[in-house]
Amino acid sequence: MTIALEDLARAYFSYGDKLWDKLSFMVNYGRQETNGYPTDLNLTTKIPPSTLSGWKETTDRYDKKTFLVGDRGDNTWWDDGLTLKAAYNLTPKTKIGATFMQSRYEYDYDAPHTFLRDASGNPVWSYTGLSESSFLPGGGGRTQGIYGVNFESQDIKALTIKGNVAYLHVADDWYVTTLTGATRSGGPGYVSNTPHEALTQELQVTLPLKAISDHSFLNRHTLTVGQSYKTGHSDTKEKQLTDWRDEDSTTNLRFQSKGKDRVWAAFIQDEIAILENLTAYVGVRQDWWKTYDGFVVDLDTSTWAPKAGYPKTYGERSESSTSPKAALVYEPFGGTTLRGSVGKAFRPPTPYELYRTWTTSSGVTYAGNPSLKPETTVSWDLGLDQKLWKNARGSVTYFENYMKDLIYRQTVSPTYQELVNVGKAESRGVEVELEQRFFDWLTLFGNVTYTDSEVTENKAKPQTEGKRLTQMPLWMTNLGARVVKGPLSLSLEEHYVGKRYSDDTNADKKDNVYGSYDPYWVTNLAVSYQITPWAMMSLFVENLFDEDYYTYYKAPGRSWFAQLTLKF
């Protein structure tokens, strides 16, 4: 059974030019597709009858006994992206620009595989406690466009003015789930679709005060003021399907959740040149957040009437936050930089987090929460950037974060997780980075991050207190070497990610099983040769040593692909 991306193909095209020294433009398009491999295993807690063979006893991530009876087929997918950019110089110091980006993504599954066989060797797809629908995941996809305009000017004395407006439109964000009674030839299911959109706007003005004053105090200051605005809405609808293989065979509405939000912010920062080698940054940001028009309805699929307590409406909620920040950068002598900062951050929940609930092909539901509050974080760090011996540099940073009302996934059961606010949580750690260049053709580099995290207060679920935050490994490491010698380029990189937990009580300790997040080392190799000034041949090998691990799903094994790049 292949566990690497099968028949992976990629193509990319890009063209740009500048006309009349004023108008520049670029267009690029890329596409990739693969026949995939079986990422999604079919496991059950119901032991197969003694008349069947082919199944395998294993465990889940909680080390509880389960039985592997097959897989849900090769996970095929494709995606593409189109980008159009243009910029026009109104004057030598003023330009306007526009951007359009469209991306599409779809995935599906090939024919599933059952490992079950009867006494005659015939494949078996169901028994008491296991339905054929458990072998049948549905497909899904996403289509989105981003439209943007931007402006930058330095024509008014020493003022630098920057502004942009962007509109995100997700036309479709859908997936199909099969229901009991579905077979390989059809049957019931449902499709969930969450179209959403967001509008963002930013404006920033920077002024060195020395441009308007000769005062010895004022001319050390550079002021930056600005504001931003973001608004969005999300609308999830789940509809019944008569045939799970056809996402357009919709009938009744089963579930709907929707809502809107907006965030307005203003900020000011002062950059102060205290000494020639000492710079301070002092600033404050004020955020005003509001969510409104929240609505959820859950329907009984036997009567198609709303369940008890539904529909629910959620009134307007708002909150504001003041977030100060300060930083110092000191260069005591050449090649040495000391830095430190302290500040507060404010992050409100998105409409997606508030109103989006979805279910994976393996039956795990990730629920939104219309009652989420914004989270705040107070952080500080100290760091050193140091030029070492010849052609070598290094840096080290120590950091701490203190989080309140952290937006966090709470494990209600092995098949249901919902977003909640944790009372308090902390993280602290160290980042170290080194780079050494030898001769003119060899560079060695590496970085290590250690992060210790824990929930310090959670009255709603005290058993999570003292546990590590989910999806946050203790250790992450990147090591590598780059060689560039004549027409030959070579890159060898090692990536390590430590154990992660998806359960907020850290009970999912078992590794190397479906659903676990294993610690892993992965080595990637890239070799390129410049055949001519306009043609380059490349070979990429991912997971060079065929590391066997899970990041919930089975991770791809060793895979390789060749690439030809032409530039004209």
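Is Arg245 buried, partly exposed or exposed, and what is its relative accessibility? In this predicted model, Arg245 has a relative accessibility of 47% and therefore counts as partly exposed, since the exposed class begins only over 50%. Its salt-bridge partner is Asp243, and the closest N and O atoms of Asp243 and Arg245 are 2.9 Å apart. Asp243, in contrast to Arg245, is buried, with a relative accessible area of 18%, a value that falls under the 20% limit for that class.

A search of the whole structure finds 24 salt bridges, among them the pair formed by Arg184 and Glu132, whose closest N and O atoms are 2.8 Å apart. Arg184 lies in the loop between strand 10 (160–178) and strand 11 (189–193), whereas Glu132 lies in the loop between strand 8 (113–114) and strand 9 (140–153), so the pair ties together parts that are 52 residues apart in sequence. Arg184 counts as partly exposed at 42% relative accessibility, while Glu132 is buried, its relative accessible area being 16%.

A further salt bridge is formed by the side chains of Glu375 and Arg347, at an N to O distance of 3.3 Å. This pair links distant parts of the chain, with Glu375 in strand 22 (residues 375–387) and Arg347 in strand 19 (residues 336–347), 28 residues apart. Glu375 counts as buried at 10% relative accessibility, and Arg347 counts as partly exposed at 30%. Elsewhere, Arg393, Glu433, Glu435 and Arg482 are joined into one network by salt bridges that share partners.

Note on methods. Residues are numbered from 1 along each chain as its sequence is written. This is a predicted model: local features need pLDDT of at least 70, side-chain atom pairs count only at pLDDT 80 or more; totals for chains, interfaces and linings use all residues. Side-chain values use heavy atoms; hydrogens and water are left out. A salt bridge is a side-chain nitrogen of Lys or Arg within 4 Å of a carboxyl oxygen of Asp or Glu. Helices (H or I, at least four residues) and strands (E, at least two) are DSSP runs, numbered from the N terminus. Buried means under 20% relative accessible area, exposed over 50%, partly exposed in between (1.4 Å probe, protein chains only).
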